[in-house]
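Work through the exercises below with the model open beside you. Each one sets a task and then solves it step by step.

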Amino acid sequence: MKFAYYPGCVAQESGKELDLATRWVCRALGIELVEFPSFSCCGSGFVDEANEVLNVAINARNLAIAERAGLNLLTICSTCQGMLTLANHRMTDPKVRARVDGALKPLGIEYRGTVRVTHLLRVLVEEVGLPAIRAKVRRPLAGLKVGAFYGCHLLRPTDEMGGEDGEEPHSFEDLLSAIGADPVYYRGRVMCCGFPVQFVKEATASRIAGRQIQDAKAHGAHAMATPCPLCHITLDAYQNKAEKAVGARLDMPVFHLPQLVGLALGATPEELGLSRHLVPTEAAVARVRPSGA
Amino acid sequence: MAETTVSATFDVYRFDPAVDRAARYQRYTLDLAPHTPVLTALLRIRAEVDPTLSLRYSCRSAICGSCAMQVNSKSRLACETQIGPEIARHGRIVVEPMHNQPVLRDLVVDQTPFWREYERVEPHLKLDPARPMPADRPTSMTPEQVERFKETPRCIACAACYSSCPAVEADPEFPGPMALAKLYRYVVDPRDTATRERLVGIQAGGLWLCLRCHLCTDACPKDVRPSERIRDLKELAIAAQGATEHGSRHAVGFKESIRDAGLLNEMQLVRRTYGPLGLFGQLGQGLRIWRKKPEVVRRPHRIEKAEEIEKIYAALDTGTEAPK
């Protein structure tokens with residue numbers, strides 16, 4: 001199994017632990033990641049707001065890089081997944097396509113539209129498969145109740161993102177069960193984390209993040225886990241602000257998806273960069289019952 | 001031969017402020033054909049089991065937009081949601097009033113906030129008094145002009161989007177998906193003469209509070225796709241007036257940040273969004289994050305072939321081309 005690896009901006013900088021954990025898990029599961037130092041940012045939804053066609057064009061360039069190498073593209077961020085998938089869709093509009101082609105052709109770049117964009121979550125569930133993952137689990141996360149937090153752009157608009165029901169997904173929970181954790185179902189799991197307005201109106205973003213964390217907590221979650229490093233920023237790095245906004249201590253450790261998979265497959269906390277989180281993860285990791293117990 | 005029926009369990013939200021101190025869920029079980037709409041089932045409950053059940057409905061044909069409610073936690077029109085798939089998926093059907101509007105009784109909500117936002121965007125043509133529309137013949141539009149409306153004229157104002165919207169829930173300044181989709185419809189109308197004024201008004205009027213979570217687009221029974229029209233409004237507002245708000249400055253700043261190196265420069269973006277003084281306000285939080293993640297202050301590496309990004313910008317981001 002081989003993919004063009006699209007880490008996205010955050011995992012290359014402040015969210016480096018996500019990149020670490022992804023590489024560890026992919027190595028353990030035999031997923032080959034091919035790197036392309038010419039990949040640019042996906043625009044994160046913000047470039048799309050400022051100039052839609054420009055955003056399609058920079059992503060068509062990214063997709064063309066994978067296409068030239070004959071590879072499908074693997075993302076580890078819900079927003080990257082959404083933006084690159086939307087670019088694939090918008091390129092089917094002849095008017096958009098003509099303008100994008102007009103900008104790319106002079107650079108010798110052509111995107112024919114053949115690259116499938118897929119997220120690590122989907123690869124683990126649909127391609128590696130849950131039985132294969134279950135077989136490799138060395139330390140089942142038994143006793144750890146986890147609230148999955150999907151990140152909007154992995155799911156919606158459902159028509160474009162395909163995959164699964166954008167309001168009632170279950171792939172992440174299925175994966176959590178496969179690694180021995182107890183998934184917790186709560187309304188907030190498919191909601192927004194607040195990130196898009198983090199720099200528009202911080203109080204609103206914090207209120208939204210706080211609500212989702214409180215919801216997970218009310219349903220018994222010891223920890224949350226997300227396939228999106230942008231959700232991770234609001235839920236973890238800005239959790240102190242969320243606590244202020246909702247007027248409650250939250251103390252909710254938030255894992256990146258491959259960190260939990262890595263823990264179950266036998267990686268150490270150091271190998272997964274767990275010390276880089278703002279909210280400590282030790283107590284959650286300690287909850288995992290020793291295997292055989 | 002009698003049609004096959006299923007035993008359908010409904011847990012219906014009940015609340016009568018005159019007698020109830022808190023809401024409760026009442027269970028009803030009926031034998032119904034799987035294709036029965038939730039609305040038909042509720043009307044049967046009211047007719048045959050419990051005449052006190054209150055709900056809003058009219059056409060029963062997904063045209064009037066009266067019967068939006070939460071069906072198994074999703075904002076849906078009760079008249080076009082069949083019970084079979086709901087039971088197959090959830091084992092029962094939980095029916096609740098719409099979110100983001102106060103409950104008056106049972107499934108009936110007070111829609112005042114929803115309609116207030118609708119009125120605030122002035123959803124009617126504003127014409128130039130000096131150039132009235134001809135009274136003796138219809139005005140015509142080109143197919144290209146009609147295409148710009150996208151799916152917005154289909155909106156039936158059912159409020160399913162408003163009910164599903166986490167931005168409405170979190171911030172009273174956000175007008176909601178329906179009002180903004182309506183606004184878009186008038187912004188792109190070639191007969192309207194207040195385009196710029198409308199865009200300027202909404203840029204400062206909550207437009208940037210949209211979370212682009214696309215829950216509205218999933219909820220809309222008419223496929224109006226409000227979240228995408230809100231995106232269009234953002235681009236049109238920047239084109240009409242430049243970036244005047246935190247939200248638009250962030251979007252434009254992000255765009256510029258990528259032109260430089262191909263990747264996001266987190267520090268530089270914060271400065272562009274908030275200005276140097278605003279950056280100072282972020283210092284405390286920045287330090288907290290920096291202690292664990294020192295990369296936040298680092299300049300990102302320049303991607304290989306970053307000059308291609310610059311050239312794409314030169315072709316598509318001249319600032320002179322009209323958005324779409």
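**Exercise 1. Decide whether Arg14(B) and Asp50(B) are buried or exposed, then characterise their contact.**

Step 1. Arg14(B) is buried, and Asp50(B) is too. Buried means under 20% relative accessible area, exposed over 50%, and partly exposed in between, with a 1.4 Å probe and protein chains only.

Step 2. The two side chains meet in a salt bridge, 2.8 Å from N to O. A salt bridge puts a side-chain nitrogen of Lys or Arg within 4 Å of a carboxyl oxygen of Asp or Glu.

Step 3. Place the partners. Arg14(B) lies in strand S1 (residues 6-14) of chain B, and Asp50(B) lies in the loop between helix H1 (38-49) and S3 of chain B. They are 36 residues apart, so the pair links distant parts of the chain. Helices (H or I, at least four residues) and strands (E, at least two) are DSSP runs, numbered from the N terminus.

Ground rules for every exercise: this is a predicted model, where local features need pLDDT of at least 70 and side-chain atom pairs count only at pLDDT 80 or more, while totals for chains, interfaces and linings use all residues. Residues are numbered from 1 along each chain as its sequence is written, chains are lettered from A and ligands numbered from 1 in the order in which they are written, and side-chain values use heavy atoms, with hydrogens and water left out.

**Exercise 2. Describe how chain B meets chain A.**

Step 1. Count contacts (heavy atoms within 4.5 Å). In chain B, 70 residues touch 68 residues of chain A.

Step 2. Take the buried area, which is the accessible area (1.4 Å probe) that two parts lose on being put together, summed over both. The two chains bury about 6,600 Å², 55% of it on carbon and sulfur atoms. Arg212(B), Lys293(B) and Leu316(B) supply 11% of the area that chain B buries against chain A, more than any other three residues.

Step 3. Look for charges. The rule finds 18 salt bridges across this interface. One of them joins Arg276(A) to Glu295(B), with the closest N and O atoms 3.1 Å apart.

Step 4. Return to Arg212(B). Its side chain meets Glu49(A) in a salt bridge of 3.0 Å, N to O. Arg212(B) lies in the loop between helix H8 (195-203) and helix H9 (215-219) of chain B, and Glu49(A) in helix H3 (residues 46-50) of chain A, so the pair joins two chains. Both residues are buried.

**Exercise 3. Trace the salt-bridge network that includes Asp232(B).**

Step 1. Start with the pair Asp232(B) and Arg231(B), at 2.7 Å from N to O. Asp232(B) is buried at a relative accessible area of 4%, and Arg231(B) is buried at 7%.

Step 2. Extend through shared partners. One network joins Asp48(A), Glu52(A), Arg90(A), Lys150(B), Glu151(B), Arg229(B), Arg231(B), Asp232(B) and Glu235(B).

Step 3. Check Arg229(B) again. It lies over the face of Tyr184(B), 5.6 Å from the ring centre. The criterion is NZ of Lys or CZ of Arg within 6 Å of the ring centre and within 35 degrees of the ring normal.

**Exercise 4. Classify the aromatic pair of Tyr150(A) and Phe172(A).**

Step 1. Apply the rule. Rings of Phe, Tyr and Trp (its six-membered ring) pair if their centres lie within 6.5 Å; planes under 30 degrees apart count as stacked, over 60 as edge-to-face and the rest as tilted. Over all chains, nine aromatic pairs result.

Step 2. Read the geometry. The centres are 5.6 Å apart and the planes meet at 90°, so by the rule the pair is edge-to-face.

Step 3. Locate the rings. Tyr150(A) is in the loop between strand S5 (145-148) and helix H8 (152-155) of chain A, and Phe172(A) is in helix H10 (residues 171-178) of chain A, so the pair ties together parts 22 residues apart in sequence. Tyr150(A) is buried at 0% relative accessibility, and Phe172(A) at 1%.

**Exercise 5. Work out the surroundings of strand S3 (residues 68-71) of chain B.**

Step 1. Sort the side chains. Ala68(B) and Gln70(B) point one way, Met69(B) and Val71(B) the other, and all are buried.

Step 2. Find the partners; strands pair if DSSP finds at least two bridges between them. S3(B) runs antiparallel to strand S4 (residues 74-77) of chain B over four bridges. Gln70(B) stands opposite Ser75(B). Two bridges join S3(B) to strand S5 (residues 93-96) of chain B, also antiparallel. There, Val71(B) stands opposite Val95(B).
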